[in-house]
Amino acid sequence: MAKRTRSFGDIFRRRTLAIGLVIVVIALSCVVKLSYIQLYNGAALASQAAQSRTVDRRLQGVRGTITDINNVTLAQSIESYTIFADQQAASQFKPVACKGRNNGICQETTQKKAFEVEGPASIARMLAPILQMDVKELGAKLTGSNRYVILQRNALPQVKRQIDQLNISSVIGFELTSNREYSDDGLLGTILGGIDNTGNGVAGLELMENEALVGHDGHVVYQRGRNGQEIPGTRTESSDPKQGGTVQLTIDRDVQWYVKKALVDGKNKYHAQYGIAVVQRVSDGQIVAIADTDEYQAGSDDAKTHTSRAITEVFEPGSTGKLITAAAVLQEGLHQPADHFSVPYSIKVDGQTIHDSHEHGVEQLTLGGILKVSSNVGTLMSAQNLSYDKRLEYIKKFGIGESTGIQFPGESSGQIVDNASQWDLRTRQTVLFGQGYSASALQMTNVVATIANKGVRNAQRLIASATDAQGNNVTPQSAQPVRVIDEDNANKMMNMMESVAQASQKLLNMPGYRIAGKSGTAEVAGEGGSLSGIMADFIGVIPADNPQFVITVVYRDPEGLYGIVTAGPVFAQIGEFLMQKYQIPASAPRTDAIPTEW
């Protein structure tokens, strides 16, 4: 019996020793491994751990602002957020009710049913009322293995604050973005244009001034905790985002609103296809209003795919082009305003028969009278000694075929054969009365503004000032003013143009103010390509004795046909508003009218 007991004790001792040796070996291995980690690999592992917790978060620079001349905001970016989810984190989510001191990790929500389930279903029940989404639809978006799923774009800051209170940053994240808002109400849709999903301008002024308006992103590098929160004291680097610059337009929003309304009312009254209007300040070429009757809201797809008719639509100016011819005749010393002409209904030149719009007998007219009655034949007679090269030269001097200086995307410089020797026999004559070349409403506005500005052509301006995100002045530089005709000849032109307007004073009813201007009615191609369409316009200066503004009004296919009948009254309506708004003194009586007949 004793022998068996000693044998059992011996076995027990051997086994205890073996186990002890195993434990010693394991302990030694742990010590060796720990020593290796601490002495040789500790820094690398610590770096890997820190790297796994490190976040480099982009801070978006908000796009800048566009204002009118009075600093009324027309376009601005409002802070918003893209809300996204981590589906893997959502699958492991377990809601925690708020009790005692666990406010930093619990879910404080009125949706009590959110605590009855776990995972995506719990998150969906909490978020659905905040995001105003269906619970099942939201739950489906939260289910899966994707680490980045967008739940909602352009969420307002108050929505983010509500979600922040839920303490679910391990599942739900935010990216700061911005929502572009426009307050133009359709007044400047195609002028302002729009931006794309990346926040860059793609049309209109948003594209033209993109470099000034775009913001500069910043970033912040920090380590995050288990629930996605920033660990205090771990921020290693950061740079603040910079908001884009400010672009101030020359547009006066009040004037723009009135011009648009008057233009649309006229379109409806005369049943025109569309209308165009421009208001330009004489002294410096600033565009105070630029409108057409298209109704496109800035930022919309329509505003991005259509352009301003006033800048891009070109047409033959028709009788308003006679102003260029009369100015050239005076400047070249060929005739004076009171020179006598006997003007028949038609005339034949180079085998081409030219006639007036209405049949008449021989009329005894001065050069001023030819402009007053808008005689094609008289215009041709007065310019018989103006060479073809000079005819082209003055058309170009007045800005046709050249940039207006605005540099607007899609801007048309007009169309004209750039070599007079290539003109056919008819074009050589018709260019004298506004046919055979085309121009935009903006260009024709500057033709009249050049005359009103004592013969000096300014580059037109749509941007009053511009700064970029760095605060640098990036206002587009305007070309230097160019003298086109002498001041004396410009004054003679204004005198003749005033007689033109005075002959239609019943249609241009503006008591107290003198007007100088010219109407035009030009044939344009219709749907079939034939000359079945009409562009009817009136371009005038107000006041004639103290030029402040040039106003252009154009209608396509109005029922009244003639520019003085349709565009003229709308011109007067806009002019009266301008005189009242800017408190322009009434005109002095006219005493120096040049004779129009003999």
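The questions and answers below walk through a predicted model, taking up its disulfide, its salt bridges, its cavities and one of its pockets.

Trainee: How many disulfides does a search of the whole structure find, and which residues form a disulfide?
Mentor: A search of the whole structure finds 1 disulfide. Two sulfur atoms count as such a pair when they are within 2.5 Å, and those of Cys98 and Cys106 are 1.9 Å apart. The answer is therefore 1 disulfide, formed by Cys98 and Cys106.

Trainee: Is the disulfide of Cys98 and Cys106 right-handed or left-handed?
Mentor: The handedness follows from the torsion about the S-S bond of Cys98 and Cys106, which is about 90°. With that torsion, the disulfide is right-handed.

Trainee: Which of the two cysteines, Cys98 or Cys106, counts as buried?
Mentor: Buried means under 20% relative accessible area. Cys98 has a relative accessible area of 31%, so Cys98 is partly exposed, whereas the relative accessibility of the other cysteine is 1%. The one that counts as buried is therefore Cys106.

Trainee: How many residues apart in sequence are the parts that Glu206 and Arg63 tie together?
Mentor: The structure holds 21 salt bridges, and one of them joins Glu206 to Arg63, with the closest N and O atoms 3.0 Å apart. Glu206 lies in helix H7 (residues 204–208), while Arg63 lies in the loop between strand S1 (54–59) and strand S2 (65–67). Both Glu206 and Arg63 are buried. Because of where the two partners lie, the parts they tie together are apart in sequence by 143 residues.

Trainee: Which residue forms a salt bridge with Lys454, and where does that partner lie?
Mentor: Lys454 lies in the loop between helix H17 (441–452) and strand S19 (456–457), and the pair ties together parts that are 33 residues apart in sequence. Lys454 counts as partly exposed at 42% relative accessibility, and its partner is partly exposed too, with a relative accessible area of 38%. The closest N and O atoms of the pair are 3.9 Å apart, and the partner is Glu487, in helix H18 (residues 487–502).

Trainee: Is Glu313, which meets Arg309 in a salt bridge, buried or partly exposed?
Mentor: The side chains of Glu313 and Arg309 meet at 3.3 Å, N to O. The relative accessible area of Glu313 is 23%, and buried means under 20%. Glu313 is therefore partly exposed.

Trainee: Which residues are linked with Glu332 in a network of salt bridges?
Mentor: Salt bridges can also be followed from residue to residue, as a network. The one that includes Glu332 links it with Lys390, Glu393 and Lys397.

Trainee: What is the volume of the largest cavity, and which helices and strand give two or more residues to its lining?
Mentor: A search of the whole structure finds 5 cavities of 30 Å³ or more. The largest is lined by 15 residues, with Leu187, Leu188, Gly189, Thr190 and Asp292 nearest its centre, and this lining divides into 7 nonpolar, 5 polar and 3 charged residues. The largest cavity has a volume of about 90 Å³, and the elements that give two or more residues to its lining are helix H6 (189–192), helix H9 (253–270) and strand S12 (287–292).

Trainee: Gln256 has its place in helix H9; is Gln256 buried or exposed?
Mentor: Leaving aside residues up to four places away in sequence, Gln256 touches Leu187, Leu188, Ile251, Ala289, Ile290 and Ala291. The relative accessibility of Gln256 is 0%, so Gln256 counts as buried.

Trainee: How much space lies in the second largest cavity?
Mentor: Among the residues that line the second largest cavity are Met208, Gly405, Gln460 and Arg461. Its lining divides into 5 nonpolar, 4 polar and 1 charged. The space in the second largest cavity is about 80 Å³.

Trainee: Which strand gives the largest share of the lining of the second largest pocket?
Mentor: The second largest pocket has a volume of about 1100 Å³, and of the 38 residues that line it, the closest to its centre are Ser319, Lys322, Ser357, Ser374 and Thr521. The lining divides into 12 nonpolar, 18 polar and 8 charged residues. Among the elements that each supply at least two residues are strand S16 (352–355) and helix H19 (563–581), but the largest share, 6 residues, comes from S22.

Conventions. Residues numbered from 1 in each chain as written. Predicted model: local features only at pLDDT ≥ 70, side-chain atom pairs only at ≥ 80, totals over all residues. Heavy atoms only, no water. Buried < 20%, exposed > 50% of the residue type's maximum accessible area, 1.4 Å probe, protein only. Salt bridge = Lys/Arg side-chain N within 4 Å of Asp/Glu carboxyl O. Helix = DSSP H or I, 4+ residues; strand = E, 2+ residues; numbered from the N terminus. 1 Å grid on protein atoms, 1.4 Å probe; cavity = no way out; pocket = protein on both sides within 12 Å on 5 of 7 lines; lining within 4 Å. Points joined across faces, edges and corners; volume = space filled by probe spheres on them. Nonpolar A, V, L, I, M, F, W, Y, C, P; charged D, E, K, R; others polar. Contact = heavy atoms within 4.5 Å.
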